[in-house]
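Me: I would like to go through a structure with you, one topic at a time. Could we begin with the domains and then turn to particular side chains?

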Amino acid sequence: MRFRSLLGAAVVFTLAAHLAAQNAPQSQQAQSDHFVIETGARLYAGQCSACHGANGDQINGVDLRAGKFLTVKTDEDLAGVLASGRPAAGMPSFATLNSDEARAIIAYIRSAFDATTEGVTIGNAGRGAAVFEGKGGCTSCHRVNGRGAYTATDLTEIGTNRTPGSLLRALAQPAQALLPGNRTVRAVTRDGRTIRGRRLNEDSFTIQVIDEQSRLVSLVKSDLRTFELVPTSSMPSYETTLTADERADLIAYLLSLKGR
Amino acid sequence: MKKLTRLAVTLLLVSASYRLDAQVTSDRILRAADEPQNWLTYSGGYSSQRYSLLKQIDTSNAKNLELKWMMQNQVFGPWESSPLVVDGIMYLTQRPNDVIALDAKTGRMFWLYRYTNSGRQQVCCGAQNRGVAVLGDTLFMGTLDAHLVAIDAKNGKPLWNVLVADDKLAYSITLAPLIVKNKVIVGVGGADYGIRGFVAAFDPKNGHELWRFYTIPGKGEPGSDSWSGEAWEHGGGSIWVTGSYDPALNLTYWGVGNPGPDWNPDQRPGDNLYTDSVVALDADTGKLKWHYQFTPNDGYDYDSVQVPVLADLMWKGTLTKAMLWGNRNGNFYVLDRENGKFLLGAPFVKVTWMSGFDEGGRPIQTPQPVGMPTYPGVQGGTNWYSPSYSPRTGLFYVSAWENYGSVYRKEAVQYEPGRRFNGGAGQTAKPTPDAPVMPGPAAVRSPINTWTDTVGHGAVIAIDPKTGHSKWKFQMYDVTDSGILTTAGDVLFSGGREGYFQVLDARTGALLWKTYLGGPIMSAPVTYSIDGKQYVIVNSGNVMVTFALRDQN
């Protein structure tokens, strides 16, 4: 096979979109702790992945990780399918699982197969919007729906391509969660000018950034005296400056951002 | 005396114009090197070196290249086609199966032939066609719905059209056919759909099949013991890049693609011959003379469809008919093309799927733990991109993806006719643990480079075949799907995903000249000359761009 299809990549992204949609209204089940999800991951690998696949998308019309089901809506529905199977579609009953095990599998599915998720709590998107624009001060760097600054990435569509877990980590440890494409570049031109900005694009000979004054700047590498990628993120950690509830609300708000 | 001179001039002119109208005989193809003004086969000649004797453009003047003409493709999508040039006329293909004849000096079109596919055609990786073959006044094209079509080179009208394989089972043809003597040879694609691959030769007069070699041996045939149970029936082994030919040995060489299912070797225990191999076939009968398998029981989709490059080398004191091969599995190989003997194997990129070779040249496989990346990744250390060999520099040039790995996942899969038969997936290793799964460099991206070089980068690597070591490297920021052309002017032409067309010094790798063409370069450059002027063409995005030296005055 020559290339993995473009479609594959697109699926991954839409999958994240579905995921966000599924996670927003979750209640206590989403708070299943890390251990339960881990347990669910092991059970899933043993019991489910042979048919559903490691990514949960091997059955037509079903994408477990993306929260796409034929009939299932609630966790109770999921538990029902596990208990009785789907004989018509060839899925056996998993009534041999005890209720803790069934709950673990459901937690794993609901965590979007993200066993590293540390019990992400998803709060209230309305309150999260207030945190975003108020206490969090997010708009001083980020932009949403045409409002806010250009310094950091535009978050208008962030809910379509991030998991709750990755958003939580981005709030707590921004440097680790930063995508390589968004890194800060520091360049000094031959005439001594220093340019700091967020990388927008790069190739072998040039680099394009938006600088701290929100100017679009294109640099030719051979014209630079120094050129480096700043390993840290200019975003502060919100681990202590926001409360857990505020972070939960903020995550809910970010997950609700699906573009215009 | 004056009269005599005039007569001589007239005779010369007549012979010149006769030459212009001359048919492309198989003898001319055999001696393609004698007419470097033309480009008569996919790789420029039977030894597939993609090397030209033209030397008007050289290391001293490459900086004076300028745009001569462009041809805007009428269809959208990566353009992987490599044109032929016959006495000033260029024959090229565009998606899905259009053939164009144009004036190679001005770019103006003579005719356009548009083949209509069945509508059932299925291809894993885009509606590609890599070019036509020419014999006499006839062009030959394989189609996405697995037909072979003969086209009149003068007017673009179809002469005959034969079915090569069943498109309902997802057989397809994307390669440029190869003419050997009085045969048109093609191979079929579809290993990602559980086909049983083959190479077949056809009569150029009427399309009658003359021989067929299955890349997956049938029950009881030699090599069938490398398969278990019925796995061979859907064993894959596509042939989707044009092979080579050694007239002295009368052997034609073809690189064979991945086994099916791609990523689940557990489902097909055994070496799975002749997948991921090179096969040497008798050109008259299609009988297998020898084979060498690069990746036995492959679980990584390491198709070995690369162009077999034939070169005569001094090997340990003996002039040896060698075959040079930069493989998708990350290794560079030298084989003896008379008998397939393994002479040398050495990695040219990071390789973790194997740790070395045993004495017979069989790789010692080292599967990585589940969930950990394997190098090279799904796209390979290189892929179908045309390599080049310059007899002047003695170096082999390959477009490589460096430091690029994938996490592979295998899964049981049931064969269903005409459906994908992949058995898992390979996903680009993520640079940041929290990153959304990387679209990976596989997909043709927008012009914005979002994944950066963090998950691998492209390079042109010059390898000394005698040692397997790299002599120099031209590193790119993004990856490259470009082929490579070298010439007697000691220049190397290549490009990459970024859209730069680069001219390098073939001896040192120094960048002599570059120009930004704005679209990914996904085919190999070709050179030819008309009226004493050397041209070089390259496809970038949807545009074919032609360069030559700036006119004097």
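Reply: The C-alpha centres of domain 1 of chain A and domain 2 of chain A lie 31 Å apart. Domain bounds here come from an automatic or database domain assignment. This is a predicted model, in which local features need pLDDT of at least 70 and side-chain atom pairs count only at pLDDT 80 or more, while totals for chains, interfaces and linings use all residues. Residues are numbered from 1 along each chain as its sequence is written, chains are lettered from A in the order in which they are written, and side-chain values use heavy atoms, with hydrogens and water left out.

Me: Which residues does the domain assignment of chain A give to each domain?

Reply: Domain 1 covers 33-110, domain 2 combines 125-178 with 240-255, and domain 3 covers 180-230.

Me: New topic: how many disulfides are there over all chains?

Reply: The count is one disulfide over all chains. A disulfide is taken as a pair of cysteine sulfur atoms within 2.5 Å. In general, it is a covalent bond between the sulfur atoms of two cysteines.

Me: Which cysteines form the disulfide, and how far apart are their sulfur atoms?

Reply: The partners are C124(B) and C125(B), with sulfur atoms 2.0 Å apart. The link of C124(B) and C125(B) is left-handed, with -100 degrees about the S-S bond. C125(B) counts as buried, because its relative accessibility is 6%. Buried means under 20% relative accessible area, exposed means over 50%, and partly exposed lies in between (1.4 Å probe, protein chains only).

Me: Why is C141(A) not bonded to C138(A)?

Reply: The closest cysteine sulfur to that of C141(A) is in C138(A), and it is too far for a bond because the separation is 8.9 Å.

Me: Are these two buried or partly exposed?

Reply: C138(A) is buried at 9% relative accessibility, whereas C141(A) is partly exposed at 33%.

Me: On to charges: how many salt bridges does the structure hold?

Reply: There are 37 salt bridges over all chains. A salt bridge requires a side-chain nitrogen of Lys or Arg within 4 Å of a carboxyl oxygen of Asp or Glu. As a general point, side chains of opposite charge can pair when their charged atoms come close.

Me: What is the N to O distance between E212(A) and R196(A)?

Reply: The side chains of E212(A) and R196(A) meet in a salt bridge at 3.1 Å, N to O. This pair links distant parts of the chain, 16 residues apart: E212(A) is in the loop between β5 (206-211) and β6 (216-220) of chain A, and R196(A) is in strand β4 (residues 194-202) of chain A. Strands (E, at least two residues) are DSSP runs, numbered from the N terminus. E212(A) is partly exposed at 48% relative accessible area, and R196(A) is partly exposed at 30%.

Me: And are R409(B) and E411(B) buried or exposed?

Reply: Both R409(B) and E411(B) are buried. They form a salt bridge whose closest N and O atoms are 2.2 Å apart.

Me: Which residues are linked in a network of salt bridges?

Reply: E66(B), K68(B), K533(B), R550(B) and D551(B) are linked in this way.

Me: Last one: where does W353(B) lie?

Reply: W353(B) is in the loop between β22 (342-347) and β23 (354-357) of chain B. W353(B) is buried, with a relative accessible area of 0%. A polar atom of the W353(B) side chain lies 2.8 Å from the backbone oxygen of N329(B).

Notes:
Helices (H or I, at least four residues) and strands (E, at least two) are DSSP runs, numbered from the N terminus. A polar contact is a pair of N or O atoms within 3.5 Å; within protein, one must be able to donate a hydrogen and the other to accept it, and residues adjacent in sequence count only if both atoms are side-chain atoms.
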